[in-house]
Amino acid sequence: MTNRIQTVVITGASSGIGRVSALHLAERGYTVIGTSRELGRLEGLFDDAEGRGLRVFGVELDVNSARSVDSVMPELISQFGEIHALVNNAGFGVWGPVESLTMTELKSQFEANFFGAVRMIWATLPEMVSRRSGRIVNISSVLGRIGTPFNGAYVSSKYALEGLSESLRAELRPFGVQVSLVEPGWFETDFQKNQIRAARADDPALAYARHIRSYSESHERFEWFAGDPVRVARVIEHALSARRPSFRYPVGADARAGILGARLLPERLFHALLDRVTTGG
Ligand SMILES: NC(=O)c1ccc[n+]([C@@H]2O[C@H](COP(=O)([O-])OP(=O)(O)OC[C@H]3O[C@@H](n4cnc5c(N)ncnc54)[C@H](OP(=O)(O)O)[C@@H]3O)[C@@H](O)[C@H]2O)c1
């Protein structure tokens, strides 16, 4: 670990990748501040930390709300002195055919996964730029590189996060602030449970029922594949501690294979394979 990165804010630390990463980083000696929309949901993290003889700080913060971010972040900065790194992890998925989505559903997806990250970046960046050091790790997804059916809302929010990160990387390089994207494949967390199914996803008036059934069957076949989120935590730690971190970190064999396939295969062939795996072709 470098001496420079000490205090890390992780959004969405109540569960899954955020929770496991908070513990992993605390174990490695970082001062970790985890956020949740509801402080009570961080109890499990605090208990796990205590059980391992660690201390993790927690704060109630809603990335969907500018008022919440703008009131909590300055307090944290004055309490901890400096925030050396930000891990934009909070996020969820809206599931359903694009045709079935409402604008409200689509906006709620972007509010958390994209604008939430933007709010956090705005709140931490001025101090990082003036200090000429800092790290921002944005948790994207393999679905920030590949569009799968019925995930259009989620996929587009992660593509947006990827695009923003590309520009940020170039803008911040002269100021010693390094930006990375972590792109997990499928990991065992509460993500599936917390996914919101679009209200009209299964509307019989729409034409997708058969394809949705094939998708669900294929999804179930791959369930065993979900990895241990500690693997993502280790990659996040690497992005925070490496002297020269990479810009993109695909995590998991599924993510690496998918991204490599999209890059190397002729597009028509890649799409045929993707269609076969997702909806049976
Ligand atoms: N698991 C995977 O296979 C996978 C794969 C690729 C990418 N990812 C990404 O990894 C990140 C973490 O997901 P996870 O798998 O760990 O899922 P998770 O177990 O459901 O945890 C999600 C975390 O994000 C917060 N969150 C959920 N919905 C939110 C919303 N609408 N607004 C604000 N915060 C919200 C939750 O915090 P509170 O509810 O306590 O506020 C929770 O701590 C997400 O960005 C996800 O897109 C996950």
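**Exercise 1. Work out whether Ala262 is buried, partly exposed or exposed, and what surrounds it.**

Solution. Start with the cover: Ala262 has a relative accessible area of 35%, so it counts as partly exposed (buried is under 20%, exposed over 50% and partly exposed in between, using a 1.4 Å probe and protein chains only). A quick note on the ground rules: this is a predicted model, where local features need pLDDT of at least 70 and side-chain atom pairs count only at pLDDT 80 or more, while totals for chains, interfaces and linings use all residues. Residues are numbered from 1 along each chain as its sequence is written, and side-chain values use heavy atoms, with hydrogens and water left out.

Next, place the residue: Ala262 sits in helix 9 (residues 253-264) (helices are DSSP runs of H or I with at least four residues, strands are E runs of at least two, and both are numbered from the N terminus). Then look for partners. Setting aside neighbours within four places in sequence, Ala262 is in contact with Ile146 and Phe270 (contact means heavy atoms within 4.5 Å). With Ile146, the C-alpha atoms are 7.5 Å apart, though 116 residues separate the pair in sequence.

**Exercise 2. Find out which residues Ser218 and Ser165 contact and which polar contacts their side chains make.**

Solution. Take Ser218 first. This serine belongs to helix 7 (residues 209-221) and is buried, at 5% relative accessible area. Beyond four places in sequence, Ser218 is in contact with Val277 and Thr278. A side-chain polar atom of Ser218 lies 2.5 Å from the backbone oxygen of Val277, and the C-alpha atoms of these two residues, 59 residues apart along the chain, are separated by 6.9 Å.

Now Ser165. You'll find this one in helix 5 (residues 152-172), buried with a relative accessible area of 0%. Not counting residues up to four places away, Ser165 touches Asn138, Val179, Leu181 and Phe247. With Asn138 there is a side-chain to side-chain polar contact of 2.9 Å (a pair of N or O atoms within 3.5 Å; within protein, one must be able to donate a hydrogen and the other to accept it, and residues adjacent in sequence count only if both atoms are side-chain atoms).

**Exercise 3. Compare the phi angles and the settings of Arg132 and Phe150.**

Solution. Begin with the backbone: phi is positive at about 65° for Arg132, which isn't a glycine. Phe150 isn't a glycine either, and its phi is positive at about 70°. Then check location. Arg132 is in the loop between helix 4 (103-131) and strand 6 (134-139), while Phe150 lies in the loop between strand 6 and helix 5. Finally, check the cover: Arg132 is partly exposed at 47%, whereas Phe150 is buried at 9%.

**Exercise 4. Describe where Thr7 sits and what it touches.**

Solution. Thr7 is in strand 1 (residues 7-10). Its relative accessibility is 7%, so Thr7 counts as buried. Leaving out residues up to four places away, its contacts are Thr31, Ile33, Phe80, Glu82, Ile83, His84 and Ala85.

**Exercise 5. Zoom out and describe the whole chain.**

Solution. Count the elements: 10 helices and nine strands. Check the dimensions: the C-alpha atoms fill a box of roughly 55 × 40 × 35 Å along the principal axes. Then tally the burial: 48% of the 281 residues count as buried. Last, look at the contacts: among those between residues at least 6 apart in sequence, 74% join residues at least 24 apart.
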